[in-house]
Each structure stands twice: as structure tokens, then as C-alpha cells.
Amino acid sequence: MGWAIALHGGAGDIPLSLPPERRQPREAALRHCLQVGVDSLKAQKSPLDVVELVVRELENNPHFNAGRGSVLTTEGTIEMEACIMDGKTKKCGAVSGLTTVVNAISLARVVMEKTPHIYLAFDGAEKFAREQGLETVESSHFITPENIERLKHAKEANRVQIDYTQPVEKETPTVDGDSQIGTVGCVAVDNDGNLAAATSTGGLVNKMVGRIGDTPIIGAGTYANNLCAVSATGKGEAIIRGTVARDVAALMEFKGLSLKEAAAYVVEECVPRGNAGLVAVSAKGELTMAFNTTGMFRAAATEDGYTEIAIWP
Ligand code: ASP
């Protein structure tokens, strides 16, 4: 058994024709963030520290839909959310509705460690971030020209389904062959089988103000226990309905499935095609990256020398 790490930069309808100027910066960022994670695991950092660190790097990169680079609500504002979970203790922290916090994932960690609660949102979460001395900036810092363009495009195309009671089957609006997706996440396991998962996002482009997706919901977008750690991406409403992250763990726990079998089952059977992807590692050092979308920005490495950076199957 050795350490393993996997990260994602979002799953969705990513066309093979994705222009190099949109592909290369993301691949470079995935490579860089993977290296940050690998170096940290080699330096014996805890998986919890590793996933937080890697997700912070991804949040700071404007090419992903988290932190700087978050997609915009229907009112052109940003509402970021994130979640972190420790496998052994099942301690977890989640935040939603952030408008000024530079690293949502670190606020989730502080919620986990310094409050008796699990989930803080909107004004209360912002106030707590300030009290705790987390870095905050003007909201405009997070808004990139690409995301202003994406919102405009989504509105013009008027193709976003806002019927949240129905499965989201339609395609996500795309801009120049690029979609709104790009949520980030990381899972890691160390040599002792300690596991952690972290996910961070700006949500869905043109989302209603106040909408909360799967990312911060324990068991939907993010989950870790003593068997595995999972971070999901895709259409939040479908992922919440499918209890994606927890179901991977449940199939291992109650049915004895391997990590790969459990993840494949959940992605194929529990979420409509085209809606979700996930990265996961197990306490035994296994790793899987499964998706039922066209592609998923992803990267992974294990102690025995395996490394992968990929977008399409
Ligand atoms: N799952 C995220 C959400 O629905 C979006 C994504 O993964 O890209 O908020």
C-alpha cells in the first residue's frame, strides 16, 4: 500500500475540438497542482493538508470554476462554495454563498476545526471568515472577462434549465467550445491509509441567486470515511439526487465492491448520462477517475510511479 492522489478540474461536455488556448493552461495547472500534492505527500503532510493545499492552488487559477474564475449567477454576482472532509474522523466543514473569501476551501476547513457546526453559508460564513482572519477581497477580484462572456452567452442561448425538480438532461451552454464546468476537487490517501476529500466551486453559470449545488453537501459532491475519499463534479442537482460520493463508499461498505467497481456503478447507474464525474482513492491506495460526460479535466499519481493527466476517456 502506498500514497495516492487524484484531482479534477470539472467534468462536462468538453468537445475534442477544445481550442489549445483553453486546453493548455488547464493541463499546465493540473500538472502543477498534481506536483504540489505529490510533493506534499512525499513530505509526509496529512491528506487533509494535501487536499486543502491542492484545492487552494486550483481556486487561485482563473481557468477553473472555483475561487478566482468562479462562474456567475443570473445577476452577474458570484457565490462560491466548498467542502472538506477527513476520512478517519468523518470531521467535515462546508461553506456556501461566499462573495469575498479568497479560498473557500480554507474557510470550510476552519468551520470544521473551529466551530461546533459543519456548514456555514452567506452572511454568517462571510462574517466568520473575517473574524478568523481569512484573506478576503472585493468580489470583483473573482469575476473574469471569460465568465462575463459565459453568462452573456448562457442568457442569450437561453438554454439553461431552471426546473430544478426535473433531472437535468440538456447540455450545459458552451462558449467557443468551452463549457461552464471546471469545479475543482482533490482526494488523497497516505501510506497509513488516512483519507481526505475536498471540493470547491462557483456552481453553475446563470444559477439562481441562493442556489446551492452538490459540492458542499456531504455525501453528494464530497465524502470521505475510513474506506475511501470521493470528490464529484457535474450537474449538482443530479449529483445530489444520486448521493454520488456517499454511494461509492456505501457500495464498498455494504456490498464489498472495490473502489473501481463502486465508482463505475455509481457513475453509470445513479446519475443520468452526461451529468457527472468523480475522482476517488481508497485506504488501500487504489485510485479511480470515472465520468459519464464527454470529458473530465483530471490528474492523478500513486507512489508506485503511475501518473496521468487527461481530459477525455
Ligand atoms: N457540481 C457543480 C455544481 O453543480 C458544478 C460542476 O461540477 O462543475 O455546482
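Me: Which ligand atom pairs up with the side chain of Thr183, and at what distance?
Reply: An oxygen atom of the ligand, 2.9 Å from an N or O atom in the Thr183 side chain. This is a predicted model, where local features need pLDDT of at least 70, side-chain atom pairs count only at pLDDT 80 or more, and totals for chains, interfaces and linings use all residues. Residues are numbered from 1 along each chain as its sequence is written, and side-chain values use heavy atoms, with hydrogens and water left out.

Me: And what does Asp214 do with the ligand?
Reply: An N or O atom in the side chain of Asp214 sits 2.6 Å from a nitrogen atom of the ligand. Gly236 joins in through a backbone N or O atom, 2.9 Å from a ligand oxygen.

Me: How much of the ligand's accessible area does the protein cover?
Reply: 100% of the 270 Å² that the ligand has on its own. Accessible areas here come from the Shrake-Rupley method with a 1.4 Å probe, and for residues only the protein chains shown count as cover.

Me: Which residues come nearest to it?
Reply: Thr183, Arg211, Asp214, Thr233 and Gly234, out of eleven around the ligand. A residue counts as near if one of its heavy atoms lies within 4 Å.

Me: OK, new topic. How many disulfides are there?
Reply: Zero, going by the rule that a disulfide is a pair of cysteine sulfur atoms within 2.5 Å.

Me: Why no bond for Cys33?
Reply: Because the closest cysteine sulfur, in Cys186, is 8.8 Å from the sulfur of Cys33, too far for a bond. Cys92 is in no disulfide either, with the sulfur of Cys83 the nearest at 6.1 Å.

Me: Are Cys33 and Cys92 buried or exposed?
Reply: Cys33 is buried at 2% relative accessible area, and Cys92 is buried at 8%. Buried means under 20% relative accessible area, exposed over 50%, and partly exposed in between (1.4 Å probe, protein chains only).

Me: What about the backbone, what's the phi of Lys90?
Reply: Lys90 has a positive phi of about 60°, although it is not a glycine. Most residues other than glycine have a negative phi.

Me: Where is Lys90, then?
Reply: In the loop between β2 (80-86) and β3 (92-98). Strands are DSSP runs of E, at least two residues, numbered from the N terminus. Lys90 is partly exposed, with 44% relative accessible area.

Me: And Asn206, what's its phi and where does it sit?
Reply: Asn206 also has a positive phi, about 70°, and is not a glycine. Asn206 lies in the loop between β8 (195-201) and β9 (222-224), and at 9% relative accessibility Asn206 counts as buried.

Note on methods. Polar contact = N/O pair within 3.5 Å; in protein donor to acceptor, adjacent residues only side chain to side chain. Helix = DSSP H or I, 4+ residues; strand = E, 2+ residues; numbered from the N terminus.
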